[in-house]
Amino acid sequence: MDAVQISELSHRYGRTVALNGISVTVPRGVTALLGPNGAGKSTLLNLLSTAYPIQDGEVVVHGFRMTATPRLLSWQAARKTARLRRRIGLLPQNFTFHPRFTVAETLEYAAWLRKYRRPDLRARIHEVLELVDLAGTGARRLRELSGGMLRRVGIAQAIVHEPDLILLDEPANGLDPEQRVRLRQVIKALPDTMTVLVSTHLVEDVAALAARAVVLKDGRVIFTGEVPELVALA
Ligand code: ADP
Ligand code: ADP
């Protein structure tokens, strides 16, 4: 069974239809989420991350089902959402954190927010910093870091609690070519038990990063499949 199953998912902002009943499945590994500005990529990531409540349709993430919930049941929905949130890690498009926090404190806080409790959290943080190519930087303050390093801290906070689903919203945006390459290497090296969905508008990201792609346009899925098929279409 596919790791993430999206069925008939719709989302509106007032009269704007941002997602128009999309159905798509995403397997484990890295999948690129593509599409022009306004296609609905951020909306989809925000729905999958539980940042936005589902208005219509259904999402199943590694066996956890999310559907639109009537307001009266919202306390139950909130508990369910909290459980699901622990299975998910998000790097938002404009990731920022307290500049005076150290890298290690940032990751401790991210773990605490997701109720990820383990006695050897320091060891987990050490392991995560190695995964994102930031070994030895735990005691540095965020304000001292370069843009590329900060972005990798963003990846680290998205994976520190060992989530099943990682959502990266335009992670390479604004980085120079060298830092983009470094970031891609980090994303490609993530454990293959995870489902990683990476939104991007950079064509070179797709072939370098992902085995599969989902292309959105005007709130609909216009392509889903292997990256080579997509490249052949273009
Ligand atoms: P993408 O990430 O692909 O650029 P978005 O999900 O941000 O697409 O946007 C999809 C559509 O929803 C666009 O028409 C956009 O203008 C609209 N939209 C996105 N966020 C909001 C919002 N907070 N309020 C109103 N409209 C929005
Ligand atoms: P190490 O190889 O010692 O594990 P890392 O940089 O990979 O070093 O991560 C741990 C580092 O972060 C250690 O130097 C440790 O002193 C520092 N550190 C760990 N937790 C915190 C914290 N909450 N605040 C400041 N520094 C911390």
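**An open sheet, a crossing helix and the site of ligand 2**

In this predicted model, an open sheet of four strands follows the order β2-β1-β4-β5 with antiparallel pairing, where strands are DSSP runs of E with at least two residues, helices are runs of H or I with at least four, and both are numbered from the N terminus, and where two strands pair if DSSP finds at least two bridges between them. Because β2 (16-26) and β5 (64-67) stand at the edges with a single partner strand each, one side of each is left without a neighbour in the sheet. Strand β4 (residues 56-61) pairs with β5 in the antiparallel sense over four bridges, and Val61 has Phe64 of β5 as its bridge partner.

The residues around ligand 2, counted when a heavy atom lies within 4 Å of the molecule, include Thr102, Glu105, Arg122, His126 and Gly136. Polar contacts here are pairs of N or O atoms within 3.5 Å; within protein, one must be able to donate a hydrogen and the other to accept it, and residues adjacent in sequence count only if both atoms are side-chain atoms. A polar side-chain atom of His126 lies 2.6 Å from an oxygen atom of ligand 2, while a polar side-chain atom of Thr102 lies 3.4 Å from a nitrogen atom of ligand 2. A backbone N or O atom of Gly136 lies 3.3 Å from an oxygen atom of ligand 2. The elements giving two or more residues to this shell are α3 (103-113) and α4 (121-131).

Residues are numbered from 1 along each chain as its sequence is written, with chains lettered from A and ligands numbered from 1 in the order in which they are written. Local features need pLDDT of at least 70 and side-chain atom pairs count only at pLDDT 80 or more, whereas totals for chains, interfaces and linings use all residues, and side-chain values use heavy atoms, with hydrogens and water left out.
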